[in-house]
Amino acid sequence: MEHLVLPNSGLTRDDEGSKLGMWLFLYTEVLLFGGLFIVYTMYRYLYPDSFLQGSYHLSIPIGTINTIVLLTSSLTVAMGITALQKGNNKLAVWLMVATMFFALVFMVNKYFEWSAKIEHGLFPGMDAYMQLPRGETLFFFLYFFMTGLHALHIVVGAVLIGVVTMEIKNGKQSSTNFAFTENAGLYWHLVDLIWIFLFPLFYLIH
Amino acid sequence: MTEEITGHKNFFEEKKGLASWIFTTDHKRIALLYLYSIGFFFLAAVFLGFLLRLELIAPGKTIMEPQTYNQIFTLHGVIMIFLFIIPGIPAIFGNFFIPIIIGTDDVAFPRINLVSWYLYMTGAFLALGTLFFGEGPADTGWTFYAPYSVKTGTNVSMSVLAAFILGFSSILTGLNFIVTIHRLRASGMTWFRMPLMAWSTYATSWIQILATPIVGITLLMIVAERSFGIGLFDPSLGGDPILYQHLFWIYSHPAVYVMILPAMGVISEIIPTFAHRTIFGYKAIAMSSMAIAFTGYFVWAHHMFTTGLSSTAALIFSLATFFVAIPTAIKIFNWVATLYKGSIDVKPPLLYAMAFVFLFLIGGLTGLVNGAIAADIHVHDTTFIVGHFHYTMFGGVGIVFFGAMHYWFPKIWGKMYNFKIANIAFALIFIGFNALYFPMLISGLQGLPRRYYDYPAEFQLTNVISTVGSWILIVGMILMIYNFFRAKKRGEKAPRNPWGGLGLEWQTPSPPPLHNFDKMPELVEGGPYNYKDNY
């Protein structure tokens, strides 16, 4: 027996709906980091000098490079979406691959940055870390916690873009059906945006 | 009333086998997956509560050691809050009925819906896994207050991770409902023609999305603090335990409305159906849900009046707390006004709805006692608080959960249960409930602290009454559950519309077919509660 098909079915494609869902999800991500920003604000207010001392340990050049890398990746993903919408799938695939490449560059940079800190024993629980004054321990804890959580988001975002690339390649995403690509792009922009806040808070404010 | 179901298979018959359940994307099956898992955890937590009450029947040691007692009341709280009350009504009845009552065939993201059930189960296994791994379940109370939660040797990290994952599941469910309600309403169903159940679920979903991430990150900070000894919240390392309380209650107070709003939605469905009368003040009820969701954000520090909050802050939070009472009272008055001059049909679901109004009134009024700063300092951390939140949470959400089971049981399983047994079970539950929790209000006012393992002999009378009440309550619940199983096995076949309700769920066969409707759902002229035949 045939099923009754409703005009407002939840099983049919709904691009507007899936974008609405993505925006709501991004909102929860902002709040997730928001909790950490509250803690950062409070302890920065309590220990302004230690936070300044802590920031001297971080390398502004590496941070700047990573910022440029991420901003460029946001550009490539946006261009990739437009290319797909215009029907140029091949270019879209290349731009998505470029985005993933930038994600990789970011992570490699992060790896060197973190391992230098860990070599100096600045990871929470290590010897040098335990010798630090109170405010600096908080600074480094927040540094590792927030950039770590951010790095996790980079990985998730890169995997998402990888899936998108596969789907463009096998034709599931196309110039008439690009909601998923757009959503992955939105997620990637969010990851970028969070870094735009993390970078000045940890590296630049003096 | 009986209508023949023509040719359609219902959603139970459409597919068979385990895989058809655990890989399903049908919202009705996911709802039942939730029902069975949530039901199981609920009964486990009831059993823990039973043990706690048994311990407290006499001063001194009765059946368990103090440490076990601390762990059991924590586990009881964690399971009840995170595994039963928060997901209970939205994940079961919301999942099953939101798509049906707005006239569509599924939620907006059926696969994410299934993912959230898996997340729920993962969180549940972590929460219960503390029984078997590490140093046993947490002994901190469900609030995981720092610094004790940072220092105790018990397995707090695992419980906290469980709560984090359950929060994620709850966010995805909320997100799904918001998009569903925005995008998939039947044509002609404007916002103000939606059933109130949909309104309250909508308000709930917003709170889930807006508040849960904060507690998620706070709980992760607890894990980090325990693993690395940072000193975020531990004062001996220079941290601030009050900061933890703020971050915790910023979520956990709005979460109280995540728990109660869906229950209020169910009540707004049950009462007009059994009064056969249009709901009084539809817009006021719909908007008060949103008002509660909004105001609920600005009251969190009323959990913290005794922490040395500045008197200005305490005053503001106390005032905001009183404001929450206004939309709640609006609802209560509207429900009572709906019953006025209705042709009331006293069936088991209505009995539960009435019990809710009565019990929640006690819960709400004792809440005002806690909300007033001076009174709060006297009753803070006494059994008065335990009585208060059991009146709101169990008397509110728990009782409505039972009511919703009775209301929608015929629709879900297509069978009728025995009214006589249901009424007896209801009476036992109602009497047992009051015997269990009312004495706590009294002994709390006399100054008995909560969470204490032992107490002076003069408090024994109230404690004995409580414990006996818990037995009556449990007998009532067993009888109720027996009645459901009996009905499922050999109950009479339920017609499409056993109660004469006007909701769209009553236009479809019982149980509904896979895609919910066998004919186009027709909206009722003049609003979802327009009971013309009577008034």
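**View 1. Phe360(B), a buried residue in helix α11 of chain B**. In this predicted model, Phe360(B) has a relative accessible area of just 8%, so it counts as buried. You'll find it in helix α11 of chain B. Who does it touch? Setting aside neighbours within four places in sequence, Phe360(B) is in contact with Ile260(B), Met264(B), Thr328(B), Ile332(B), Ala355(B), Tyr391(B), Thr392(B) and Gly396(B). For a sense of scale, try finding Ile474(B) too: Phe360(B) and Ile474(B) sit 114 residues apart in sequence, and their C-alpha atoms are 20 Å apart in space.

**View 2. Lys347(B), in a loop between two helices of chain B**. Look between α10 (311-339) and α11 (348-371) of chain B, and the loop there holds Lys347(B). Is Lys347(B) buried or exposed? Its relative accessibility is 19%, and the cut-off for buried is under 20%, so Lys347(B) counts as buried. Once neighbours within four places in sequence are left aside, its contacts are Phe274(B), Phe419(B) and Trp499(B).

**View 3. Helices α13 and α14 of chain B, side by side**. Two packed helices are described by the angle between their axes and the distance between the axes. Here, α13 (residues 383-413) and α14 (residues 419-445) of chain B have axes that come within 7 Å and cross at roughly 165°. Anything over 145 degrees counts as roughly antiparallel, so that's the label for α13(B) and α14(B). The crossing of α13(B) past α14(B) is left-handed.

**View 4. The residues where α13(B) meets α14(B)**. On the α13(B) side, the contact includes Phe384(B), Val386(B), Tyr391(B), Phe394(B), Ile399(B) and Phe402(B), along with His388(B), His390(B) and His406(B). From α14(B) come, among them, Ile429(B), Phe433(B), Tyr437(B), Phe438(B), Met440(B) and Leu441(B), plus Asn434(B) and Ser443(B). How many residues of this contact are nonpolar, polar or charged? The split is 14 nonpolar, 9 polar and no charged.

**View 5. Chain A, helices and no strands**. Count along chain A and you get 7 helices and 0 strands, which reads as α-α-α-α-α-α-α along the sequence. The C-alpha atoms fill a box of roughly 70 × 35 × 30 Å along the principal axes. Of the 206 residues in chain A, 52% are buried. Take the contacts in chain A with a separation of 6 or more: 80% of them link residues 24 or more positions apart. As for the outside, the accessible surface of chain A comes to about 9,600 Å², and 70% of that belongs to carbon and sulfur atoms.

Key. Residues numbered from 1 in each chain as written. Chains lettered and ligands numbered in written order. Predicted model: local features only at pLDDT ≥ 70, side-chain atom pairs only at ≥ 80, totals over all residues. Heavy atoms only, no water. Axes fitted to C-alpha atoms, helices over the stretch in contact; angles between N-to-C directions. Helix = DSSP H or I, 4+ residues; strand = E, 2+ residues; numbered from the N terminus. Parallel < 35°, antiparallel > 145°, perpendicular 65-115°, else oblique. Left-handed = near helix turned anticlockwise from the far one by under 90°. Contact = heavy atoms within 4.5 Å. Nonpolar A, V, L, I, M, F, W, Y, C, P; charged D, E, K, R; others polar. Buried < 20%, exposed > 50% of the residue type's maximum accessible area, 1.4 Å probe, protein only. Areas by Shrake-Rupley, 256 points an atom, 1.4 Å probe, with all protein chains shown as cover.
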